[in-house]
Structure formats: C-alpha cells, structure tokens
2 protein chains.
Amino acid sequence: MTDLVAEAAALDAADPLAHKRNDFDLDDSVAYFDGNSLGAPPKHVAGRVAAVVREEWGGRLIRSWSEGWWEAPERVGGRIAPLVGAAPGQVVVADSTSVNLFKALVAATRLNPGRDEILVDADTFPTDGYIADEAARLTGCTVRRVVAEDLPDEVSERTAVALVNHVDYVTGRVHDMAALTGALHGAGALALWDLCHSVGALPVELDATGVDLAVGCTYKFLNGGPGAPAFLYVATKWLTRFEQPLAGWAGDRDPSAMRGAYEAHAGIARGRAGTPDILSLLALDAALDVWDGVDRGLLREKGLALGDFFFRCADELLDGATIATPRGEDRGHQISVIDDDAAKTMAALIDRGVIGDFRPPNVLRFGLAPLYTTYGEVLRAVTTLGELAEG
Amino acid sequence: MTDLVAEAAALDAADPLAHKRNDFDLDDSVAYFDGNSLGAPPKHVAGRVAAVVREEWGGRLIRSWSEGWWEAPERVGGRIAPLVGAAPGQVVVADSTSVNLFKALVAATRLNPGRDEILVDADTFPTDGYIADEAARLTGCTVRRVVAEDLPDEVSERTAVALVNHVDYVTGRVHDMAALTGALHGAGALALWDLCHSVGALPVELDATGVDLAVGCTYKFLNGGPGAPAFLYVATKWLTRFEQPLAGWAGDRDPSAMRGAYEAHAGIARGRAGTPDILSLLALDAALDVWDGVDRGLLREKGLALGDFFFRCADELLDGATIATPRGEDRGHQISVIDDDAAKTMAALIDRGVIGDFRPPNVLRFGLAPLYTTYGEVLRAVTTLGELAEG
C-alpha cells in the first residue's frame, strides 16, 4: 500500500496533463469518477454563460441572431470535428443524442433503399434500441439486436444500417471501428456509430475509417453541461443525399425567406431541426476551450495509464474482485467492477467522497477523465472500495 | 402630436403592469418590439444560470440528477400549464417546437387510425408545414394546406389531425380556438394547436376548449432565452394512448432500469425524448418567475390597449399606412405594418433604436409585450416610422 501511495504520487508528478485539472471547478474533497456520465464544469463556463445572457441576449437582443448565434451549431460542430477525426463541414451540434439517432437512422434507410433491416448493437445504451424500434416502425424496417462482434456474420443484403456503440457503456470495452465499418460496407450496409462514451476520451477517426454517420453527446468527456446538445456527423459523401425526418426550418437552405416548401441546406446545417438552443450551445462552446492545445495522443495514453493503475491497485487491494473491463487496449476510459450489491456499494462510496455510478444489474462504473482524474484519486477509489468490501 | 405624448404618459402612469418592466434587463435607449420573436431577459436569469453551473453542476456534480434535474421538464411544464389553461400533468418542456410538432403529428395519426390526411393552417410558420410534410411521408398520410377559416369546410372523415397556429405570425390575427376545435371534432379530427405566438401574450384555454394536443415555444413572450426548450401539451384523455415516435430513454417509465424494451411513462414524461437540457431548462424556470402574481386578465387588457394606442398613433402620424393586423379583439400582441421596402425600413428603425423585425415579403412586425412594453415606446416607434416615411 505504501508503494502504491508513492507510485500514485510519482505518476501524478510526471503527468503531462496534470495542469489541466486547474481548468475545472472540482473540489478536492471528492474524487470524481463520473465524467463518463456528467463531465465536470470547466471553471470559466459559469461566467461565460452569464455574459451570454447579459451581453448577447440582454445587450444585443434579437440582433444577436445575426451576430453569430444562427451559425453556432455548425461553428461549435467544427470545434468537435477534430476530436472525432472529421474534416470540416460534417458535424453539427443540435438536439439530443436520441433525436439525432432518429434523424440518422431514418436518413440511413433512405440512403440505402430496398433494404428492410436495422441492426443494433445488442449491448448499446437503451435509448439507441428504443429509437431504432421507432425508426423501424415508421420506415417499414425490422430491428435485430446483435452483439457487436457478431455484426460481420449477421449483416446481410437486407441490412440498411447498423448502429454500434463505440465504447460499451457497461463494460467500457471499445469496438473496432475500422473493422466493423469495413465488414458492414462489405455487405452494402451503412455504419452508424454512437460516440457518446468515446468522444473526448479516445481517438476517433470517422473519416479515416469510412464511417457513414455518427452521433455523440457532449456532456460526458466533453464537459458541455447536463443535457448539453448532442452532435451529428454526416460523411461528406452522403451529405447532399441526407434526408432527415426532422426537417424543420433551421435546416432549410434559407430560413429567413419563410418559404412554404422545405429545401434542405446544402451543408451539414441540414442536420438541424428547430431553433438552436443558444444558452446550452454557448456553454458547450466555452467548455470546449479546455481542449485547446491538448495532444490527443497524450489523452489516450493517460486514459489507459489511469486504467492500468486502477487494475494494479485492484490486484493488490481488492481480493478477487471481478472487473468487466478488458485489460488490453480494447477499452475506453472507464473501469467497471462487478458487485452484486452495486447500488448500495456506490451509495456508500459516494458517502465517502468517491463519486462514480452504477448500472443495473451489478456494475460499479469508474470514469477516468484524462483532463482531471488523478492517479491519487484512483488509489483512493480502490482503497475505499476495499475498505467497504472488508466491511 | 403633443396630445399623443401626454396620452402615452398618462397611459404609462396608469398602467397596473408598469412595475413589471423593472424585472427585465432592458436598456431604455432602445425601444424593444421583438418580444414576439425573442423575449427580453428577466434580470435575475444571468445570475441564476451561473449559480446552476457553479452550485448544482459543479458543487453537486452527478448527484444533481436525483436532486431535481431529472423531473425538471415536468415541473417547469407545470409552471407553464396555468398560462395555457391546462390542469396539471399535461405539459412537459423538452426539445424544440419543430421536434414537438413531429411527436404530436405522428402520435395524432396513431390516435386516429384509418385516416390519411393532415391539414395544416396554410398561413402558419413554415416549420409547421415542413414537419407535417415529413410526418406525412413517414405515416403514409397526405398534407393539405388550408387557411384556418376554411378548416370547418375542408375537414372530412379522411382528416386525422389539423395543425393550426393560434396567432398568425405575419398578421397577428388570432384564430378562434374553441370554434375551430369544435369544427374539427365534429368531423372526428384531432386539433393540434401551435401556441408560439399566444402563450404569455393572451389567455389560452386548452382544457376548456377541448384541444387535443398543443406545442409552443418559450423564447417569445415567455422570455426563456434564445432557443429555449419548447413545450408539449397532451390532453389527459389521450395521455395513455399517446405514442410518440421519439421514444428515447427519457420518456421511459423507468429510465434507470436500462431495460432493452421501451415502455412509455404513464404520465406526460412520455413526451420526452433524450436527456433534458438542464442549463436552458433552468434558465427558463428562472424566467418564469416574472409571471408570479400577474393577473392574466390585465395582461390581455394591456396587450390590446398597447395595440389600440399603436393604431391611434398610426392614424395620426402615418399617412395612409396599411396595417395587416385586425383592429378588433381578434388579434394577438403584435402589429404588422405593410411596407414594400420592409427589410430596409426595419434596418433604419433599428439604427434609430426601435427594434422590431420584418417578415417577407413586406411586413414590419412590432411585438407588444405587456410585461415590459410602454405606451411611450409605442409612440416612439410610430413616430420614427413616420419620420422615415417622410424621408
């Protein structure tokens, strides 16, 4: 244990990203491991949002719509693009992940006509399957739930699109984006990826892996704030044919003309539905400042190193604990510990200042946010978990 | 003119709502007439949003989801309910108006099966028609655009639902909610009302008039902020059968259970799609404080009186101007002046500190917000318009 304390201290001292923690409003009395559910607030966000209310909304009133607000969804999307390996013009911030999934799924069936099946990663976050069921109901498709690794065998000439989660939200396992996308394309199906648990945590290469469509949320590792607007990626090759079903006025080619018939915007703005939600969008915009100058390689390196250290502490301090997260590099930035009494254990951890979460039926989740999680906190989490196990 | 100055001063002095202007962050150097597009910010909103970021997001982190955030959409909806004449449990705040229209239209076709037509108020805001076209495309319906007054003649046994705007966004004319809803019901069709330009401006009686479904935005007369989340009303009689197509996890009966199959929440929460956008939602929540203790009768009285005074000033100061807004009580809180050079005229008005907006092809719009518009400002607007007309 003494060794682990020294080791944690040495790792923190040598961490090239350690200074980023100062950008966040985090109380050192708690060890926060839920950045994979709700990222911590960057310190400057509160002031920035108040300034938007006072100066842009109050000071400029309606004029702000033509002074930057209207184009904010594409501009902020453009700031997320490098974090998901997307060239400009393919990412827009709007609505929630669920709503963007619906847009993408329905649009995918239109991009791939004559096919009547939607495959859904069987282990994905529930909303993905719920929304797929609704998209199928309206497009005459059927949904089949298939575990991600079986997709290459299950995809067929009937499959219009497959929806896959990049990082499993329960186990933290990463799915191989390049290989699965290639297998789907081999059968003529489109690949739609859910990046909620990977964006801001590990490198994502949408363009390089040929992904067709993707969605992701911004309130986990992107720290955009509770329920912050999500993003939608449409690969350039599909953009002019992307016909999404929530074709509201904000996606029209010329909204101010107030024409009777919709004509989709030529660019990624066609992914919008209604009026952009400016306060949340500009809070996210502010939150994205913390990424300026961050080396994405270091990010992944630290995320894995934090996980490695978690495993090392667990091996020493947790007798026989089962960890669902893979030990190799096929994991995101989260460690999932199996516990038959997960809800109660997590409540006890939170009482002791170690804040993670649990997922039914039996998983304790510890998110590792490379921008602010420390090795010392990892040791604290595992130590506390060990103390609780001993009663 | 001297008479009008004295008259405006007397009207302002006698205005029982005059004190409400102090609740708003408005610079007296401008006369703001665009509260029908973007309401002015209540003074306390900036501080409240900053506190939500610092104390609820930062201070409590993930714990805030179980300390009031998760239920906020229904709670804030419950605050809007009295403004639209709705008993509790029928209003939820979520997503944008466009997205809520899509939910309501698709759900309406399911509530009224065997009918294949959607009627849309031909003069409604464009997004209503765009979204109706998409809802029709996915449900096998056809859309027919009909001016509101012709709905009683045009509705038939084919009509599943008609979407009508309560106040015409161009002319400011109010449509008769009770009469049109009754006529639609007479033919077995459902009535879906768009309240964007009436909520917070004039009395709305959804329950009393038997309206089936309604949507509305919160960033106009409700002052919720730019692009603030919209609301959805589902009459109690339809609630348990309301099956909306954006059935994401936030509308599930037990989201934390993370089940594979969606089961709609028993209450109005089934109108939700994805994770609630908390920063914008709580900004709206704060903004709604300005309605506390406001007599809705006074609100309507003042809105009409402001309009009457606009007409009186126009009669005296604008030689032969054409005003599209009805002079009777069949108008909302907006005056629309016809001007062949509307874009240029509005730019010149804004240069002179009179901020309204224009709508193609030829309409100058002046929104009258009873909580902060003064009679003196009305006189200033008309005077400035007259000066511009004289060159």
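**Notebook: the two domains of chain A**

I began with the spacing of the domains, and in this predicted model the centres of domain 1 of chain A and domain 2 of chain A, taken over C-alpha atoms, are separated by 29 Å. For the bounds I looked up the domain assignment, which gives domain 1 as 2-44 + 294-390 and domain 2 as 68-291. I then listed the residues in contact, and found 31 from domain 1 of chain A and 29 from domain 2 of chain A.

Next I looked up the buried area: domain 1 of chain A and domain 2 of chain A bury about 2300 Å² between them, with 59% of it on carbon and sulfur atoms. On the side of domain 1 of chain A, I noted that Asn36(A), His44(A) and Arg296(A) supply 22% of the area buried against domain 2 of chain A, more than any other three residues.

I turned to Arg296(A) again when I checked for charged pairs, since the rule finds 1 salt bridge across this interface; Arg296(A) forms a salt bridge with Glu205(A), in which the closest N and O atoms are 3.7 Å apart. For polar contacts, I recorded 17 residue pairs across the interface of the two domains, both residues being at pLDDT 80 or more.

Finally I asked which elements give two or more residues to the side of domain 1 of chain A that touches domain 2 of chain A, and they are helix H11 (296-317), strand E9 (334-338) and strand E12 (363-367) of chain A. H11(A) gives the largest share of that side, 3 residues. By class, I noted 13 nonpolar, 10 polar and 8 charged residues on that side of domain 1 of chain A.

Methods
Residues numbered from 1 in each chain as written. Chains lettered and ligands numbered in written order. Predicted model: local features only at pLDDT ≥ 70, side-chain atom pairs only at ≥ 80, totals over all residues. Heavy atoms only, no water. Domains from an automatic or database assignment. Contact = heavy atoms within 4.5 Å. Buried area = accessible area lost by both parts, 1.4 Å probe. Salt bridge = Lys/Arg side-chain N within 4 Å of Asp/Glu carboxyl O. Polar contact = N/O pair within 3.5 Å; in protein donor to acceptor, adjacent residues only side chain to side chain. Helix = DSSP H or I, 4+ residues; strand = E, 2+ residues; numbered from the N terminus. Nonpolar A, V, L, I, M, F, W, Y, C, P; charged D, E, K, R; others polar.
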